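Trainee: I am new to this structure and would like a close look at one part of it, the sheet and what lies around it. Please take me through it slowly.

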Amino acid sequence: VANAYPTSYEESMNTVLFQECVRYNRLLAEMAVGLKLVQKALVGEVVMSEDLEKMADAIYDNQVPPAWVKKGFLSLKPLASWIEDCNARIDFLNAWITGGTPNVYWISGLFFPQAFFTGNLQNFARQRTVAVYRLSFAFTFRDDITHADVTAKPEVGCYSYGAYLEGCRWDYGAHQLAHSEPKKLFVELPLLHLVPTEERAIPD
């Protein structure tokens with residue numbers, strides 16, 4: 001990845017991708033080592049340490065083992081859903097590695113989304129020769145399409161999906177926020193078009 005996507009002045013997202021890979025590789029290495037050891041401990045081939053016992057108990061209870069939580073992404077999901085989520089995140093990064101920067105970014109699939117936002121602002125600042133501290137994101141809710149419909153990158157900014165609303169919902173007919181539907185606390189936000197804007201005035 002470092003060879004294919006070297007640190008570049010023109011493309012800050014290369015650094016974001018590399019940092020994401022480092023973090024996920026660290027997690028996957030911890031998972032690979034821990035799972036092999038706990039299997040051996042369960043059959044008596046190695047001593048069942050306190051950490052291995054906690055891992056075995058967590059797996060039995062469908063909870064994410066503490067060692068994985070420490071090195072993993074933020075999540076409140078039980079183990080089975082967590083594994084599915086982890087696999088989807090790895091697939092997203094592999095698609096990025098093999099296919100180049102994506103047309104639309106899965107924002108909640110990133111380990112450190114703050115770097116993603118900063119990288120986009122840096123790209124715009126360097127293309128337009130603008131001080132990055134003068135930039136902030138304007139945004140448009142693209143509720144007319146889904147991320148699966150996107151076939152090309154926007155001319156300016158980026159598309160992202162995977163953000164969620166809490167305590168309200170997006171009204172696709174009125175194109176604005178609305179009260180939550182009964183028993184639905186969290187709902188997914190529509191596709192977002194993030195546009196770096198110089199000296200952006202905050203709407204009233």
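Trainee: Which residue in β8 is the bridge partner of S136?

Mentor: The bridge partner of S136 in β8 is T197. Before we go on, keep in mind that this is a predicted model, in which local features need pLDDT of at least 70 and side-chain atom pairs count only at pLDDT 80 or more, while totals for chains, interfaces and linings use all residues. Residues are numbered from 1 along each chain as its sequence is written, and side-chain values use heavy atoms, leaving out hydrogens and water.

That bridge belongs to a longer pairing: β2 and β8 (residues 191–198) run antiparallel and are joined by eight bridges. Strands are DSSP runs of E with at least two residues, helices are runs of H or I with at least four, and both are numbered from the N terminus; two strands pair if DSSP finds at least two bridges between them. Step back, and you find an open sheet of four strands with mixed pairing, in the order β1-β3-β8-β2. At its edges are β1 (104–106) and β2 (135–142), each pairing on one side only. On average, neighbouring strands of this sheet are turned by 35° against each other, direction ignored. The helix α5 packs on the sheet and touches β1, β2, β3 and β8, where contact means heavy atoms within 4.5 Å. The direction of α5 makes about 110° with that of β2; such angles run from 0 to 180 degrees between N-to-C directions, with axes fitted to C-alpha atoms, for helices over the stretch in contact.

Now follow α5 to the second largest pocket, which holds about 330 Å³ of space. Of its 20 lining residues, N120, N123, Q127, P154 and G157 are closest to the centre. Two elements, α5 and β3 (158–161), each give two or more residues to this lining, and α5 has the largest share, with five residues. A pocket here is an open set of points on a 1 Å grid where a 1.4 Å probe fits, with protein on both sides within 12 Å along at least five of seven lines, and lining residues have an atom within 4 Å of a point. Its volume is the space filled by probe spheres set on the points.

The largest pocket has a volume of about 670 Å³. Its lining has 19 residues, with L74, D85, R89, S108 and Y164 nearest the centre. Here α5 (113–128) appears again, along with α4 (79–99) and β7 (186–188), as the elements that give two or more residues to the lining.

Just before β7, have a look at L185, placed in the loop between β6 (176–179) and β7. L185 touches L165, E166 and G167, not counting residues up to four places away in sequence. From L185 to E166 is 19 residues in sequence and 5.7 Å in space, C-alpha to C-alpha. L185 counts as partly exposed because its relative accessible area is 47%, while buried means under 20% and exposed over 50%, with a 1.4 Å probe and protein chains only.

Finally, the wider setting: the protein has five helices and eight strands. Of its 204 residues, 36% count as buried.
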